[in-house]
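User: I would like to go through the labels attached to this model and hear the reasoning behind each of them.

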Amino acid sequence: GSFNSLEACLPATCLEPCVICQSRPKNGCIVHGRTGHLMACYTCAKKLKNRNKLCPVCREPIQSVVLTYMS
């Protein structure tokens, strides 16, 4: 398949809360292959993986969830 580069997260978007719970910060990166999407908190992202859901952004299978620090 083609290689998709990681898109930089825009600061304004990063500061918005988790798109699922709307309360915790976006710190759970949903990883699939060489790419990841950061749009959920770690707790919600882990729940998606544990329930065998697909990435909400691109519908790829979730391989792992990484706790991400913005510093």
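Analyst: The turns below take the labels one by one, bearing in mind that the model is a predicted one.

User: What is the secondary structure of the protein, and which pattern does it follow along the sequence?

Analyst: The protein has two helices and three strands, and read from the start of the sequence these are arranged as α-β-β-α-β.

User: Why is H32 called buried?

Analyst: The relative accessible area of H32 is 7%, and because buried means under 20%, the label applies to this residue, which is part of strand β1 (residues 28-32).

User: What makes the pairs of H32 with T35 and with H37 polar contacts?

Analyst: The side chains of H32 and T35 are joined at 2.8 Å, and those of H32 and H37 at 3.3 Å. A polar contact requires a pair of N or O atoms within 3.5 Å, so both distances, 2.8 Å and 3.3 Å, satisfy that cut-off.

User: How do you know whether K53 is buried, exposed or partly exposed?

Analyst: K53, in the loop between α2 (42-50) and β3 (64-67), has a relative accessible area of 45%. Since buried means under 20% and exposed over 50%, with partly exposed in between, K53 is classed as partly exposed.

User: Which residues form the positive surface patch, and why can K53 belong to a patch?

Analyst: The patch is formed by R24, K47, R51 and K53. Lys and Arg are the residues that count as positive, and a patch residue needs over 30% relative accessible area, so K53 with its 45% meets that part of the requirement.

User: Why are Q22 and R59 both called exposed, and what is noted about their phi angles?

Analyst: Q22, in the loop between α1 (11-15) and β1, has a relative accessible area of 53%, and R59, in the loop between α2 and β3, likewise has 53%; because exposed means over 50%, the label holds for Q22 and for R59. Neither is a glycine, yet phi is positive in each, at about 60° for Q22 and about 65° for R59.

User: What makes Y69 exposed, and how far is Y69 from G28 in sequence and in space?

Analyst: Y69, in the segment after β3, has a relative accessible area of 65%, and exposed means over 50%, so the term is justified. Y69 and G28 are separated by 41 residues in sequence, while their C-alpha atoms are 9.1 Å apart in space.

User: How much of the protein is buried?

Analyst: Of the 71 residues in the protein, 27% are buried.

Methods:
Residues numbered from 1 in each chain as written. Predicted model: local features only at pLDDT ≥ 70, side-chain atom pairs only at ≥ 80, totals over all residues. Heavy atoms only, no water. Patch = residues over 30% accessible without salt bridge, like charges linked within 9 Å, V, L, I, M, F, W, Y side chains within 5 Å. Areas by Shrake-Rupley, 256 points an atom, 1.4 Å probe, with all protein chains shown as cover. Salt bridge = Lys/Arg side-chain N within 4 Å of Asp/Glu carboxyl O. Charge placed at Lys NZ, Arg CZ, Asp CG, Glu CD. Helix = DSSP H or I, 4+ residues; strand = E, 2+ residues; numbered from the N terminus. Buried < 20%, exposed > 50% of the residue type's maximum accessible area, 1.4 Å probe, protein only. Polar contact = N/O pair within 3.5 Å; in protein donor to acceptor, adjacent residues only side chain to side chain.
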